[in-house]
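Got the viewer open? Let's take a short walk through part of this model, one selection at a time.

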Amino acid sequence: MSKILFVVHRYYPFPGGSENYVRWMAEGMKNRGHEVAVYSDEHQGDQNGVRVTAAREILLEKWDLIVVHGADVHTQNFVLANGKQIQSPIVYMIILPSQSRASELGMQNAKYLAWSTEEDIQHIYKNGHHDKAVNIRHGIPYNFTSGARVDLRPKLCAKYGIDPTKRIFLSCGGYWPNKKMKELAEVFLAAN
């Protein structure tokens with residue numbers, strides 16, 4: 001049995017990709033018999049048997065592995081910047097390649113650099129850390145169901161005055177800068 005600490009800025013039951021992806025990893029490891037905890041500045045307490053805390057002292061406990069989900073977010077940046085003082089091995093999951101100071105420190109201080117896309121591994125090689133690279137794919141839980149398929153076209157077309165015979169592109173996601181929705185909207189406008 002291993003002791004694994006996950007680090008994320010916000011944790012389930014808050015909505016969001018990071019929140020749920022870390023939840024799936026944490027609960028998956030717990031269900032396999034490992035001791036699991038999550039360090040997160042924004043949370044609603046322990047969830048589904050997973051210990052969740054904002055107490056920084058947890059970073060001083062002995063862990064077999066600390067998994068940091070991305071960079072350029074306050075909680076993850078703190079851990080990545082202080083990686084030299086943390087005695088447990090850190091795996092920094094490159095979620096969005098970045099040349100920020102936090103990301104650079106993370107690549108220097110982490111024992112492992114996790115990648116799941118071509119952009120991630122290219123970023124690792126570009127920064128000279130290929131010896132730390134490990135592939136950890138982003139998966140969807142085996143019991144994930146998206147629900148029944150719903151045709152939104154009639155409602156969207158009526159609501160926004162769109163010609164229903166035209167092709168529609170729909171993108172769903174948050175509007176935070178890392179989601180690149182502004183850039184996507186600009187591409188759609190330029191293509192119109």
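Start at Gly128, just after helix H4, where the backbone takes a positive phi of about 75°. Before moving on, know that this is a predicted model, with local features needing pLDDT of at least 70, side-chain atom pairs counting only at pLDDT 80 or more, and totals for chains, interfaces and linings using all residues. Residues are numbered from 1 along each chain as its sequence is written, and side-chain values use heavy atoms, with hydrogens and water left out.

Helices here are DSSP runs (H or I, at least four residues) and strands likewise (E, at least two), numbered from the N terminus.

Now select H4 itself, residues 118–126, and colour Asp120, Ile121, His123 and Ile124: these are its buried residues (under 20% relative accessible area; exposed is over 50%, partly exposed in between, with a 1.4 Å probe and protein chains only). They span an arc of only 155° around the axis, so they sit on the same side of H4; the arc is taken from the directions from the helix axis to the C-beta atoms. Flip to the other side and you'll find Glu118, Glu119, Gln122, Tyr125 and Lys126 exposed.

What covers the buried residues? Show helix H3 (101–109), strand E6 (112–115) and strand E7 (133–135), which are among the covering elements.

Next, add helix H2 (residues 74–81): its axis and that of H3 come within 8 Å and cross at roughly 45°. To see the contact (heavy atoms within 4.5 Å), pick Asn77, Leu80 and Ala81 of H2 with Ala102, Leu105, Gly106 and Asn109 of H3.

Note on methods. Axes fitted to C-alpha atoms, helices over the stretch in contact; angles between N-to-C directions.
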